[in-house]
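Me: I have a structure to study and some short questions about it. Can we go through them one at a time?

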Amino acid sequence: MSTLITGIAELRTQDDDLATLHGAALVVDGDRVAWVGSAARAPAADSRVDVGGRAVLPGWVDSHTHLLFAGDRTAEFAARMAGQPYTAGGIATTVAATRAATDDELRANLRRHVAEALAQGTTCLETKTGYGLTVDDEVRLARLAAEQVDEVTYLGAHLVPPGADPDTYAALAAGDMLAAVAPHVRWADVFCETGAFDESQSRTVLTAAAARGLGLRVHGNQLGRGPGVRLAVELGAASVDHCTHLAPADVDALAGSTTVATLLPACDLSTRQPLPDARALLDAGAAVALATNCNPGSSYTSSMAFCVATAVLQMRMTVDEAITAATKTPARSLGRQDVGHLAPGARADIHVLDAPSATHLAYRPGVPLTHSVWRRGTRLVSP
Ligand code: NIG
């Protein structure tokens, strides 16, 4: 069953040339894109949808979220807005609530957040464990995540549980906990930061995960300068996330590497941190992605459009750079060629904006611009 989508004023293919087509059409066949080109040369298809002169781009790829959680941290957020600093320790509040929740409560919570993201154009999601911090709880979170999201990351090394010895816990996270969770995940991550895991503990967990064949991601340089970025580059991590406090040497290291710098501007705003220096990274030649970091503590938004608008308006990224950073580059950081672009063969994950151009994402910040969304060739969000 094929569908011709026509009436596309602007088609951001995000293909290898990052081509933008005007007066374009696109054919979906099954769950894939079958054809892309000028509307005047569009082939016949079984059915036809006219999007009425709107802009079309690939569905967002949100490569950093923490959606397996229970509980609420509104009071912590309000205290922060009144001047309290954000610290890693708040994670323990969510760990307690998550451990106490049933599987079905966690499933329902995840379903609600995945649906919320989809309604805003996010069609590929990564999410992490990390609010369990025991072997059984981390396995439970990985299993539940794999039911609903595209990519699952093991984050047993998110916080040393209150009362635990840091080195002993890091050894567990690199040993029995990793062994139990590994069959359910493709990625492993570590929060390498003062108050979480130091360089040596982070290295222990990451090298053990790599030895099991998992791809690596790192939370680095979120609350201050530190070893996270350097370690991620040294170990060939696919992504180092946050990158809020970078030394010049960190920028150089990223520019000379294949590690993607994933910036999380909603988190920086919500924790009253400076915004990352995206311009320095891009100008040096580093690959930059944007993600929501949706979680109940430091960044409770699922809006990729908000991240794109912030990147353009406040981080001096161009619209083209921000859209690439929210589609093609996070797909690369997840090792995926099937999403984040709209070329023949790609997964038919299509985001139609209620605007004639994707520039409106930054030109009209805060306005809900998602018109309709296809995922795997099926229209799941309609006007
Ligand atoms: O990426 N930094 C570590 N983890 C999350 C915060 C999680 C929380 O505060 O619950 C983050 O910001």
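**Strands, a helix and a ligand**

Reply: Start with a pair of strands in this predicted model. Strand β1 covers residues 2-12 and strand β2 covers residues 20-29. The two pair over eight bridges, and the sense is antiparallel.

Me: Which residue in β2 is the bridge partner of S2?

Reply: S2 has its bridge partner in β2. That partner is D29.

Me: What is the order of the strands in the open sheet?

Reply: The open sheet has seven strands, and their pairing is mixed. Its edge strands, β3 (32-38) and β15 (378-381), each pair on one side only. On average, neighbouring strands are turned by 35 degrees against each other, direction ignored. The order is β3-β2-β1-β4-β13-β14-β15.

Me: Why are the buried residues of α9 on the same side?

Reply: Helix α9 spans residues 248-255, and D250, V251, A253 and L254 are buried there. They lie on the same side of α9 because they cover an arc of only 160 degrees around the axis. An α-helix has 3.6 residues a turn, so residues three or four places apart point the same way. The arc to remember is 160 degrees.

Me: Which residues are exposed on the other side of α9?

Reply: The buried residues of α9 have cover that includes α8 (228-234), β11 (260-263) and α11 (278-284). The exposed ones, on the other side, are P248 and A249.

Me: How many charged residues does the shell around the ligand have?

Reply: There are 14 residues around the ligand, and I91, F191, N295, G297 and S298 come nearest. By class, the shell has four nonpolar and ten polar residues. The number of charged residues is: no charged residues.

Technical notes. Residues numbered from 1 in each chain as written. Predicted model: local features only at pLDDT ≥ 70, side-chain atom pairs only at ≥ 80, totals over all residues. Near = placed C-beta within 6 Å. Nonpolar A, V, L, I, M, F, W, Y, C, P; charged D, E, K, R; others polar. Pairing = 2+ DSSP bridges. Helix = DSSP H or I, 4+ residues; strand = E, 2+ residues; numbered from the N terminus. Axes fitted to C-alpha atoms, helices over the stretch in contact; angles between N-to-C directions. Buried ≥ 20, exposed ≤ 12 C-beta atoms within 10 Å, placed from the backbone. Arc of directions from axis to C-beta. Contact = placed C-beta atoms within 7 Å.
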